[in-house]
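Visitor: I would like to learn how to read a model of this kind, one feature after another. Could we begin with the overall layout and then turn to the details?

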Amino acid sequence: MSYFMRIFAIKSCDITSKLLKGRTNTIRCMSREVQNKIHQEKEKLSSTGSWSRIYYFPHIRIAAVLNRFKLYQTAFTLAAVPFSVVMYINGLMELLGIQVVSGCAVAACGTLYLITSFFRKLVGIISISEDQKLVKISHLTFWGRKKDLIVPLEDIVPLTDGSCNPTEVYTKLLRYSTEDFLYFTLKFGKILDKSKFELVFGNMEVFGLKK
């Protein structure tokens, strides 16, 4: 009798485990569906053209080209390291040559990190939705491409509330929901719609800016 009770208990556990597993998978599927729906809504809103540009940095394309050029230069320098080792093994290069090439590769990687750390946070375009509830921030990526970040208007910290000075060359674009920040410049950038720009970042006349 005890044997059959053990078999019944094991079968019950298996059935319960399968049911819980199925429920967990269902919850995961539902979570993915919600995330996909939100992503699709953002993509739909981004492609409808119902955005008004309020800020534009005219030199963003030059920054993207410089960022990509630095990537290619670093890749070429790193590829030269194993090539110099092969030449050294075959007696075609001295040890000093390998040290020079390796030093250049390290310097190139360090410079690439510094440049891309800045360029990937550089904002080229800021737009606001037609209902003035969402803000689209277009900035560069590590590869020098454009990436659109869509955030609620309430998430952006106005310049009048932050510790940043917009009269400087580059100003931090801060958000309440994260400690990450982006850069944009009012000195070299263009405010395309002053009223909507001030709706997002506050009154610029406080800083003596009348763009």
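Visitor: Read along the sequence, which pattern of helices and strands does the chain follow?

Guide: In this predicted model, the chain follows the pattern α-β-α-α-β-β-β-β-β-β-α when read along the sequence, and the secondary structure comes to four helices and seven strands. Buried residues make up 29% of the 211 residues, and the accessible surface comes to about 14,300 Å², of which 61% belongs to carbon and sulfur atoms. Among contacts between residues at least 6 apart in sequence, 55% join residues at least 24 apart.

Visitor: What is the mean pLDDT of the chain, and where is the pLDDT below 50?

Guide: The mean pLDDT is 77, and 72% of the residues reach 70 or more. Over residues 1-13 the pLDDT is below 50, and this stretch has zero contacts in the model beyond near neighbours in sequence. For residues 15-21 the pLDDT is likewise below 50, again with zero contacts beyond near neighbours in sequence.

Visitor: How should I read the length of a helix, and what span does α2 have between its end C-alpha atoms?

Guide: The idea is to compare an expected span with the one in the model. At 1.5 Å a residue, the 30 residues of α2 should span 44 Å, and its end C-alpha atoms are 45 Å apart, which agrees. The 25 residues of α3, residues 95-119, should span 36 Å by this reckoning, and the end C-alpha atoms of α3 are 36 Å apart, which also agrees.

Visitor: Which residues of the helix α2 are buried, and what do they pack against?

Guide: A general point helps first: an α-helix has 3.6 residues a turn, so residues three or four places apart point the same way. In α2, the buried residues are I60, A63, A64, N67, K70, L71, T74, T77 and S84, and they pack against α3, β2 and β3. For α3, the buried residues are I98, V101, A105, A108, L112, T116 and F119, and these pack against α2 (60-89) and β3 (134-140).

Visitor: If we take T74 as an example, is it buried or exposed, and which residues is it in contact with?

Guide: T74, which lies in helix α2, has 3% relative accessibility and therefore counts as buried, since the cut-off for that class is under 20%. Leaving aside its neighbours within four places in sequence, T74 is in contact with A108, C109 and L112; A108 and L112 are among the buried residues of α3.

Visitor: Turning to the strands, where is I128 found, and which residues does it touch?

Guide: I128 is found in strand β2, residues 123-129, and it is buried, with a relative accessible area of 0%. Not counting residues up to four places away in sequence, I128 touches S50, W51, S52, I54, L134, V135, K196, L199 and V200. The C-alpha atoms of I128 and V151, 23 residues apart along the chain, are separated by 9.8 Å.

Visitor: How many salt bridges does a search of the whole structure find, and which side chains meet?

Guide: As a general idea, side chains of opposite charge can pair when their charged atoms come close. Here the search finds one salt bridge, in which the side chains of R175 and D155 meet at 3.7 Å, N to O. This pair links distant parts of the chain, with R175 in strand β5 (residues 171-175) and D155 in the loop between β4 (146-152) and β5, 20 residues apart. D155 is buried, with a relative accessible area of 10%.

Visitor: On the surface, which residues make the nonpolar patch?

Guide: V85, Y88, I89 and L95 make a nonpolar surface patch of about 380 Å², and the largest share of that patch, three residues, comes from α2. L95 lies in helix α3 and is partly exposed, with a relative accessible area of 47%.

Visitor: Lastly, which residue has a positive phi although it is not a glycine?

Guide: Most residues other than glycine have a negative phi, and most peptide bonds are trans. In this model Q132 has a positive phi of about 60° although it is not a glycine; Q132 is found in the loop between β2 and β3 and is partly exposed, with a relative accessible area of 34%. A glycine, G91, takes a positive phi of about 75° just after α2.

Terms used:
Residues numbered from 1 in each chain as written. Predicted model: local features only at pLDDT ≥ 70, side-chain atom pairs only at ≥ 80, totals over all residues. Heavy atoms only, no water. Helix = DSSP H or I, 4+ residues; strand = E, 2+ residues; numbered from the N terminus. Expected span 1.5 Å × (residues − 1). Buried < 20%, exposed > 50% of the residue type's maximum accessible area, 1.4 Å probe, protein only. Contact = heavy atoms within 4.5 Å. pLDDT = per-residue confidence, 0-100. Patch = residues over 30% accessible without salt bridge, like charges linked within 9 Å, V, L, I, M, F, W, Y side chains within 5 Å. Areas by Shrake-Rupley, 256 points an atom, 1.4 Å probe, with all protein chains shown as cover. Salt bridge = Lys/Arg side-chain N within 4 Å of Asp/Glu carboxyl O.
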